[in-house]
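Okay, thanks everyone for squeezing in. I'd like to walk you through one structure today, so let me get it up on the screen.

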Amino acid sequence: MAVKTHAVRGMFLTNLDRKDEGYEAIKHGLKISPKSALSWHIYGIVNRGDNKFEEAITCYEEALKGDSENINILRDLAHLQAYMRQPTKLIETRKKLVSLNSLFVPFWLGLAHAYHMAGKYDMAIKTISANEEQFKSEPGIGPYEISELSMYKNWLIELNGDYQQALEHLKEIRPKILDITGWKEQKANLLFKVGRKEAAAMAYQELIERNPDNKEYIYGYISCNGLDAKQAEDEDAVLDVVRTLQQQFPSSNTLRFMPLTFCNGENFVKAAESVAKHALRKGIPSLFNSMKVLYGDKAKAKALGELLDGYAVQLRDTKRFSDSTDDEAASALMWCTFYLAQHWDYHGDHERALQLIDEAAKMSPETVELFAAKAKILKHAGDIRGARDTMDFARQMDLKDRYVNTKAVKYMLRNNDVVEAEKNMVLFVRDDASHKIQEIVDTQAIWYMRERGHAYRRLGDVGRALKQYHQVLKSFDTYRTDEYDFHSYSLRKVTMKAYVDILKWEDEVYSNSIYVDSARAAIECYVDLHDRKAAGNPFVAVVEKKEKPLTRNGSSKQGQHNLAAGVDEAKVAEVDKDPNGATYVDAEDHLAEALKYVERLESVLGTQPTTHTLAFEVHLRMKKYFLALKSINSLKAIDEGHPSLVPMAVRLSKGLDSDDSFAAPMKAALKAQLNKSFGEVTIEDAIKANDQSLAFALAGSKALVAMGGDANLELARSVLSKAASEKYGESRTLSNLLEARDLLIKAGGGSLESHVSELAKDAKTVFPLSTCF
């Protein structure tokens, strides 16, 4: 069989889901002819299809050794180098493509972008300038493409620091530009940068006229007046500017709200009066959500509470505001009470908040937002079941409301009602979906998958929890891999600014809070599976009786929903072969699986303490002691007073002591480094030295439980049972107390029941409405 035949056969086999055979066929062909360009090219294509991008790059580079002018190989390699953010190599590949076909637009435009990625803006500008004229006469190039390229070039000139030249170029290209708003924005920006502030102010004024709710325009206009809204000494002057704009654009909500962000004292109260009265009269439910960003300033939070409390008294007694001669609508008092309920909920006074929300509900029992807010208050108070029931009541008030249905599903999951949540979730899945649950996965409803994972984890079903977490993590991997197609598309369509923007977004995609939370939970699940297995008590995936999947006819018209599984369906296909997550539970090396996500978090969130505490847990169990020390040092570099530092150091030291297989010289070196950084301090010392810090109590107790031993466990139980003590103050959050309870249960022991009762009794004084303890 010819070498090429082996390669082509391998490609076919991989696409027939016979990947192992396919790879073997390709490798066999390469053994016969190691320099076969076609075989290496196909090997690269197969690796790329399996998202093995580093391996694919290596294959393409090998292919080029045998066929250095193959445009297809070079183009694919360029896309991979852009995907992997290798600007230096990308420039060389793009240069080669241009040398082979200098007239093809994506080639030279790709070279300009490669220079852009490398920060060589002058070379990017030269590349565009050299091809700009012939670009206009290319077939398929119209006014839109010319406009986009012109604005991209102008942006590059700006990035290169030539603001005056960029301004002159902007004026020159004006007749070609279709994005008038973008052109005007760039004009205002460049006028400001060259110091022509009066002209820039006029340009921003013109933009504000187009959109008076754009914050960037307004702040740009303020800056042109030589003012800074962040500087206290400029407060009055900035306020005058904003008030002048308010007179010109009275309908702008942004201008109405903006003074609240920089004003203080009397100015703040006056601005708050304007915003609050407008919202109460208009019946805007989101007033508190808008104001919540101000609550980080305690003085402003207090002023807002007093203001709305005063309004409630005025409306209750006189039906009008003190400065008004006309009675307000009855709904104004209801919305005012609604705001105050959320205000006190924010401050942790849940009983007062519930009293107020009930008052508001009596005034308007048909308003869905009131019951949704009540559910939120109950959740914060620790009454998870009550919150779930209240949110479901709100859902039933308007069965067509997708948002309220979504919130109800989330609350059901937080109450661990997975089956009920699933039934309600599918109500808004399209009717023609052959498998409704799979449709949720396919549409990447990551919030649902994460919450479902957390519910399964609380129920002790680690397998199904990992299944959900992996679905979330795979969704983010899909976001990342989908980028690959844009490298070709954007160059063909000349959407350069959008192309650069999406690359920036992709660079941060793994920093998303849902991804980070799901990765953290998955790592902890894998560590838990490892610990159980090591203790001789391995987890077994829960296998339930198979039911038909939720299929078509999941909802009926006019909001009256019902669920019919398997009715009038042509075929019930088995979509998920592992619904119980057995694949993850039965993984050969749980720590190796956890390490994949640890490394991802280290690469994208190395500045977050949680990244290094998770890394430590995995490295210590894998007996990678130097990496465990690295995690400690990285955490210390971020926060020298972090509560987990001493517990981590003690655990590493104990781990070294108990591992006789570890080389003595390296053990001595590590111990010396630990002693130099932390001395002979113990976990008990650290807890006592910070006896008013619940964070230190929890971190220390977690380490004690992990180390085991009667003395350690007894100390942990003693500390955790007092987690709700008054000395810990505001740090006694519901999540912290639940963590203390879970750790206490994990510590076990004969006196466990008394310790749990003590914690529950104290927790009830902090959260009297809670049903969690």
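I'll start with the overall picture, then go through one helix, the aromatic rings, the cysteines and one aspartate.

Just so it's said, this is a predicted model. The secondary structure comes to 41 helices and zero strands. The C-alpha trace spans about 85 × 75 × 70 Å along its principal axes. Of the 773 residues, 49% count as buried. And if you take contacts between residues at least 6 apart in sequence, 59% of them join residues at least 24 apart.

Okay, the helix I picked is α34, residues 625–638. That's 14 residues, and from the first C-alpha to the last α34 reaches 20 Å, close to the 20 Å expected at 1.5 Å a residue. Which residues of α34 are buried? They're Y625, A628, L629, S631, I632 and L635. Looking down the axis of α34, those buried residues fall within an arc of 155°, so they line one face of the helix. If you want the textbook reminder, an α-helix has 3.6 residues a turn, so residues three or four places apart point the same way. Over on the other side of α34, K630 and A637 are exposed. And what do the buried residues of α34 pack against? Three helices: α33 (609–621), α35 (645–658) and α36 (664–678).

Right, on to the aromatics. Searching the whole structure turns up 21 aromatic pairs. One of them is F288 with Y295, which is edge-to-face, at 5.3 Å centre to centre with 70° between the planes. F288 and Y295 are both buried.

Another pair takes us back to α34: F626 and F662. This one is tilted, 6.3 Å centre to centre and 55° between the planes. What I like here is that the pair links distant parts of the chain, since F626 is in helix α34 while F662 is in the loop between α35 and α36, 36 residues apart. Is F626 buried or exposed? Partly exposed, actually, with a relative accessible area of 44%. F662, on the other hand, is buried, at 15%.

There's also an aromatic cluster, made up of F476, Y479, W505, Y510 and Y515.

While we're on rings, a couple of charges sit over them. The charged end of R352 sits over the ring of W344, 3.9 Å from its centre. And the charged end of K636 is over the ring of F678, 5.2 Å from the ring centre.

Now, the cysteines, for anyone wondering about disulfides. How many disulfides does the structure hold? Zero. Take C263, which is in no disulfide: the nearest cysteine sulfur belongs to C224, and that's 20 Å away. A disulfide is a covalent bond between the sulfur atoms of two cysteines. C263 counts as buried, at 0% relative accessibility. C59 counts as buried too, at 4%.

Last stop is D528, which you'll find in helix α30, residues 513–534. D528 is partly exposed, with a relative accessible area of 25%. Its C-alpha atom is separated by 9.1 Å from that of F539, and those two are eleven residues apart along the chain.

So, the bits to hold on to: 41 helices and zero strands, α34 with its buried residues lining one face, and zero disulfides. That's me done, thanks.

Technical notes
Residues are numbered from 1 along each chain as its sequence is written. This is a predicted model: local features need pLDDT of at least 70, side-chain atom pairs count only at pLDDT 80 or more; totals for chains, interfaces and linings use all residues. Side-chain values use heavy atoms; hydrogens and water are left out. Helices (H or I, at least four residues) and strands (E, at least two) are DSSP runs, numbered from the N terminus. The expected span of a helix is 1.5 Å times one less than its number of residues. Buried means under 20% relative accessible area, exposed over 50%, partly exposed in between (1.4 Å probe, protein chains only). The arc is that of the directions from the helix axis to the C-beta atoms. Contact means heavy atoms within 4.5 Å. Rings of Phe, Tyr and Trp (its six-membered ring) pair if their centres lie within 6.5 Å; planes under 30 degrees apart count as stacked, over 60 as edge-to-face and the rest as tilted. A charge sits over a ring if NZ of Lys or CZ of Arg is within 6 Å of the ring centre and within 35 degrees of the ring normal. A disulfide is a pair of cysteine sulfur atoms within 2.5 Å.
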